[in-house]
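The following exercises are to be worked with the sequence and the 3D structure at hand. Each task is followed by a solution in steps.

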Amino acid sequence: FDPVQKILAVGTQTGALRLFGRPGVECYCQHDSGAAVIQLQFLINEGALVSALADDTLHLWNLRQKRPAILHSLKFCRERVTFCHLPFQSKWLYVGTERGNIHIVNVESFTLSGYVIMWNKAIELSSKSHPGPVVHISDNPMDEGKLLIGFESGTVVLWDLKSKKADYRYTYDEAIHSVAWHHEGKQFICSHSDGTLTIWNVRSPAKPIQTITPHGKQLKDGKKPEPCKPILKVEFKTTRSGEPFIILSGGLSYDTVGRRPCLTVMHGKSTAVLEMDYSIVDFLTLCETPYPNDFQEPYAVVVLLEKDLVLIDLAQNGYPIFENPYPLTIHESPVTCCEYFADCPVDLIPALYSVGARQKRQGYSKKEWPINGGNWGLGVQSYPEIIITGHADGSVKFWDASAITLQVLYKLKTSKVFEKSRNKDERPNTDIVDEDPYAIQIISWCPESRMLCIAGVSAHVIIYRFSKQEVITEVIPMLEVRLLYEINDVESPEGEQAPPLPTPVGGSTPQPIPPQSHPSTSSSSSDGLRDNVPCLKVKNSPLKQSPGYQTELVIQLVWVGGEPPQQITSLAVNSSYGLVVFGNCNGIAMVDYLQKAVLLNLGTIELYGSNDPYRREPRSPRKSRQPSGAGLCDISEGTVVPEDRCKSPTS
């Protein structure tokens, strides 16, 4: 993080570099080798960045041009790079290696200076064995000439650059993962593989002044607490007005099986454990001052997770997170369908943005997103573009795609109109879909009238109207439709197994069932088969609808004679006529959403007409391709569907 420019850099496993500034300012670069980025260091306020890669190369990026580019590169051939450190406003970059040596690189010319701190000189006789790779390098905040070097085995050395010798050596019998200074330069803290933190006085190397096990159970009779998992990283940040912050990742006790990854914030006597959704890759504390020798005044912690970026507000009680404005992943819930609209009306994006900005989000920090560097460039497109994504959890997101990056404008939760089933026993009707009963399959949208229509996996269609006023809907308007055409039973030809759905094979004329347009309760037919029941239950309590998209009508296909309704395969809305039409493999229905009435209900077989020279089964010309997680067609095992039967009718 560059604390002056307020820009965050993130490196990836595949050698990519992502730079984040204020919302909407984002830049993506790529190292040609594709090797993982192991460390990043800004030249603070200079518009430059050093990256260290897993293939032992160092690169200097120039960020001052429109497309960032690499100015210099340096490859280590004989040694593996493990840690780099660039002091504030310094021209010397310290590079630690797996062999325990430290090389010093001149950042301006990006060449080796020739000064090398050899591991055996650093530890001398303090240890008989090799101290392991360099895991930490930092300069004393009060004296740039003193370098603190941490070796994996547990040895720490304070090296005097001028006299080329070690001032002090600190040894501890647990491996070290990270080290951090107190800003006054008189104390430092180490994190270890047994879940302990040790705090050392610079001038008393014999033993630590304090040993803390943040998550260890304190045993009676003064025994050492039980060992915990390694503390992978620790930061030590001071404030003028109170106690310092000690922030760490890892260190949980071994008996917390199944516990989610945690970040621990220790402040004075309080310890807060913040659970994360994914494993923690790295974290940084954002501070008011870039100067290492002053009170740092930490205000936030940015945590890089395996699949997310989380920013924690340290200044507010309870440490709430900031709402993330970057669309790091569009698959917050997996995307199940997607639509693209170009050249939308000019007032559309501002209208969606204004209702999206008002969506109250509970539990987030009240402050503005603190990573706010950089300036917006103008997008390449001169016309507004919108992408709409439908998701597995029933949410629909509107994205502004006109700029360089996608920006979320507005999010709609379609599942709000349905009763949530509390437990397995209460889910009699959603059993056509095991998981994600609200997943969106088709979106039909009219950008001019702003009418939106979605079809979901549980054979439901919802029509939405855009409104800037909040309303409370006392009764959610709903329609239930039977889409099934029965055919009299006839022996199936040549003993071939008939397709189980929608109807037995036969050439006799279909008997249409009149559409049910009244909301029916869970009536069962006489032989105990489920009948006239929709897959989801619409809420019967009043629904508060915020400004934005509000439910106009819910249409559901119902069970017929013990068979669940087939999934909807096509959908269209026409707002100038107030019509929505949808179809599945059984037929097609047209609904007037203003009058809330079914106008047309046709079986697939009726669409063929009487002049058709071929006798056909009422099957959809589409092959029954099922989206994941929706085993709807239930073609029984052993059913063979001949190829020619799946082909479209000849015109």
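Ala-459 lies in the loop between β32 (451-456) and β33 (460-467); helices (H or I, at least four residues) and strands (E, at least two) are DSSP runs, numbered from the N terminus. The model is a predicted one, in which local features need pLDDT of at least 70 and side-chain atom pairs count only at pLDDT 80 or more, while totals for chains, interfaces and linings use all residues. Residues are numbered from 1 along each chain as its sequence is written, and side-chain values use heavy atoms, with hydrogens and water left out.

**Exercise 1. Two loop residues**

Task: Determine the sign of phi for Ala-459 and for Asp-56, and state whether each residue is buried or exposed.

Solution.
Step 1. Ala-459 is not a glycine, yet its phi is positive, at about 55°.
Step 2. The relative accessible area of Ala-459 is 0%, so this residue is buried; buried means under 20% relative accessible area, exposed over 50%, and partly exposed in between (1.4 Å probe, protein chains only).
Step 3. Asp-56 occupies the loop between β5 (48-53) and β6 (57-62).
Step 4. Asp-56, also not a glycine, has a positive phi of about 65°.
Step 5. With 8% relative accessibility, Asp-56 counts as buried.

**Exercise 2. A sheet and the helix across it**

Task: Give the strand order of the open sheet that contains β27, identify its edge strands, and locate helix α2.

Solution.
Step 1. The order of the four strands is β27-β28-β29-β30, and the pairing is antiparallel; two strands pair if DSSP finds at least two bridges between them.
Step 2. The edges are β27 (335-342) and β30 (407-413); each has a single partner strand, so one side of each is left without a neighbour in the sheet.
Step 3. From one strand to the next, the twist averages 20°. Axes here are lines fitted to C-alpha atoms, for helices over the stretch in contact, and angles run from 0 to 180 degrees between N-to-C directions.
Step 4. β27 and strand β28 (residues 385-391) run antiparallel and are joined by seven bridges. Cys-337 has Gly-390 in β28 as its bridge partner.
Step 5. Helix α2 (residues 348-357) lies across β28, β29 (395-400) and β30, and runs at about 60° to β30.

**Exercise 3. A hairpin**

Task: Describe the pairing of β40 with β41 and the two faces of β40.

Solution.
Step 1. Strand β40 (residues 570-574) and strand β41 (residues 579-583) run antiparallel, with five bridges joining them.
Step 2. One bridge partner pair is Asn-574 with Leu-579 in β41.
Step 3. The two strands form a hairpin with four residues between them, and Gly-578 in the turn has a positive phi of about 70°.
Step 4. The covered face of β40 carries Leu-571 and Val-573, whereas Ser-570, Ala-572 and Asn-574 belong to the uncovered face.

**Exercise 4. Glu-235 and its surroundings**

Task: Establish whether Glu-235 is buried or exposed, and find the polar partner of its side chain.

Solution.
Step 1. Glu-235 is part of strand β20 (residues 231-237).
Step 2. Its relative accessibility is 13%, so Glu-235 counts as buried.
Step 3. The side chains of Glu-235 and Thr-285 make a polar contact at 2.5 Å. A polar contact is a pair of N or O atoms within 3.5 Å; within protein, one must be able to donate a hydrogen and the other to accept it, and residues adjacent in sequence count only if both atoms are side-chain atoms.
Step 4. Neighbours within four places in sequence aside, the residues in contact with Glu-235 include Ala-180, Phe-245 and Phe-283, where contact means heavy atoms within 4.5 Å.

**Exercise 5. Salt bridges**

Task: State how many salt bridges the structure holds, and characterise the one between Asp-277 and Arg-260.

Solution.
Step 1. The structure holds 18 salt bridges, each a side-chain nitrogen of Lys or Arg within 4 Å of a carboxyl oxygen of Asp or Glu.
Step 2. In the salt bridge of Asp-277 with Arg-260, the closest N and O atoms are 3.0 Å apart.
Step 3. Asp-277 is in the loop between β23 (270-275) and β24 (280-287), and Arg-260 is in the loop between β21 (245-250) and β22 (262-267), so the pair ties together parts 17 residues apart in sequence.
Step 4. Asp-277 counts as exposed, at 53% relative accessibility, and Arg-260 as partly exposed, at 39%.
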